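Dear colleague,

I am handing over the structure below, together with some notes on its aromatic rings. Please read the notes with the coordinates open beside them.

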Amino acid sequence: STDDPGPAGHEQVVFCQDRQSGLKAIIGIYSTALGPALGGTRFYPYASEEAALADVLDLSRGMAYKNALAGLDLGGGKAVIWGDPNQVKSEALLRAYGRFVQSLAGRYYTACDVGTYVADMDVIARETRYVTGRSVEHGGAGDSSVLTAWGVFQGMRAAAEHVWGTPSLRGRRVGVAGLGKVGRHLTGHLVDDGAEVVATDVDPRALEWARTNHPGVALVADASALVAADIDVYAPCALGGALNDDTVPALRARVVAGAANNQLAHPGIEKLLADRGILYAPDYVVNAGGVIQVADEIEGFNFDRAKLRATRIFDTTRQILRLADDEGVPPAVAADRLAERRMADVGRLRAIH
Ligand code: NAI
Ligand code: K
């Protein structure tokens with residue numbers, strides 16, 4: 001260890017190849033300062049090995065920050081399998097991958113991500129203990145969108161308190177972009193709290209779900225209509241890049257808090273939001289309920305314990321928003337600082353003994 005344990009770079013990057021099954025994977029371990037690195041396996045047809053590498057470096061770093069602020073005793077890692085899952089995914093390939101995960105002897109725990117599913121984790125688990133996100137039959141936590149939505153709701157409450165002095169969303173107009181797994185659970189919490197929900201989705205089945213289950217929810221044509229609508233809170237729950245040079249100037253909400261990963265389209269958007277007086281609750285802070293849920297499996301899944309941890313996203317978000325005010329920086333910057341402090345402070349202790 002050195003005097004400067006800051007986020008200087010990745011601890012370890014492992015290239016994995018198994019010619020017989022066609023496996024080509026890269027495991028990125030950004031930090032084990034807080035514990036074993038946890039992060040999912042993305043199975044994706046990258047255009048090149050360079051593109052796969054860039055993604056795994058980026059994603060594993062992001063997981064270190066997310067896990068640190070989720071209060072987990074886990075570091076950050078991620079893996080990518082380079083290939084089209086529909087063409088090359090097989091038992092042999094997944095098991096070959098599982099053997100590489102096992103070879104890291106617990107420095108890295110894997111889980112589901114884009115292109116990998118609970119059933120795949122069960123196959124990987126035939127070769128390694130270091131896998132979460134498993135099926136319920138195998139002690140898994142099941143659908144992680146349940147606690148993701150709960151955590152987003154808590155983060156939104158903390159942001160509401162910061163802006164309006166009360167965490168209650170009663171009477172607030174909340175725009176939910178994307179009524180998928182997370183958006184639906186979130187809508188339920190908002191309706192229960194007395195919020196007026198305005199929503200949109202590109203999938204007619206999602207709109208049908210809203211009409212059937214929450215007839216009071218107002219539906220608008222698309223995400224740009226939602227951005228331009230008279231809403232207090234905007235909750236991006238679909239794809240990344242929801243906050244960009246087009247949407248931020250048009251946004252009427254005072255608060256942004258949603259589940260989508262990578263909401264800021266590019267660096268600088270957090271400043272644009274701050275300049276417009278829009279409070280942005282950082283995506284990776286408020287959407288950590290999912291990783292909290294799968295991380296809990298490592299101890300033997302207990303829903304109530306995991307829910308309690310996800311509830312603490314309220315306190316973490318509040319702490320970040322206060323730090324942002326104190327240090328005169330946007331919340332996204334304050335969140336990064338807080339994560340770096342925890343990794344440095346606790347990582348230092350772990351390095352001493
Ligand atoms: P999902 O795939 O179930 O839902 C996404 C919904 O967004 C779908 O209903 C889809 O039709 C809709 N959608 C897609 N493009 C749209 C557009 N342009 N405008 C409006 N709606 C659109 O995904 P899920 O699990 O609900 O996740 C939502 C977001 O939250 C994703 O960005 C995901 O990465 C993120 N997230 C999810 C976690 C989880 O535990 N499920 C954990 C952390 C983050
Ligand atoms: K590091």
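How many aromatic pairs does the structure hold? In this model, which is predicted, there are five aromatic pairs, and two of them are described here.

One of these pairs is formed by Tyr-109 and Tyr-130, whose rings meet edge-to-face, with 5.4 Å from centre to centre and 90° between the planes. This pair links distant parts of the chain, since Tyr-109 belongs to strand β6 (residues 108-109) while Tyr-130 lies in the loop between α4 (118-124) and α5 (145-164), 21 residues apart. Tyr-109 has a relative accessible area of 14% and is therefore buried, the cut-off being under 20%. Tyr-130, at 10% relative accessibility, likewise counts as buried.

Phe-301 and Phe-303 form another edge-to-face pair, with the centres 6.5 Å apart and an angle of 75° between the planes. Are these two rings placed in buried or in partly exposed residues? Phe-301 is partly exposed, with a relative accessible area of 25%, and Phe-303, at 34%, is partly exposed as well; both values fall between the limits of 20% for buried and 50% for exposed, so the intermediate class applies.

Two contacts between a charged residue and a tryptophan ring may also be of use to you. Lys-24 lies over the face of Trp-82, at 4.1 Å from the ring centre. In the case of Trp-164, it is the charged end of Arg-172 that sits over the ring, 4.1 Å from its centre.

With best regards

Key
Residues are numbered from 1 along each chain as its sequence is written. Chains are lettered from A and ligands numbered from 1 in the order in which they are written. This is a predicted model: local features need pLDDT of at least 70, side-chain atom pairs count only at pLDDT 80 or more; totals for chains, interfaces and linings use all residues. Side-chain values use heavy atoms; hydrogens and water are left out. Rings of Phe, Tyr and Trp (its six-membered ring) pair if their centres lie within 6.5 Å; planes under 30 degrees apart count as stacked, over 60 as edge-to-face and the rest as tilted. Helices (H or I, at least four residues) and strands (E, at least two) are DSSP runs, numbered from the N terminus. Buried means under 20% relative accessible area, exposed over 50%, partly exposed in between (1.4 Å probe, protein chains only). A charge sits over a ring if NZ of Lys or CZ of Arg is within 6 Å of the ring centre and within 35 degrees of the ring normal.
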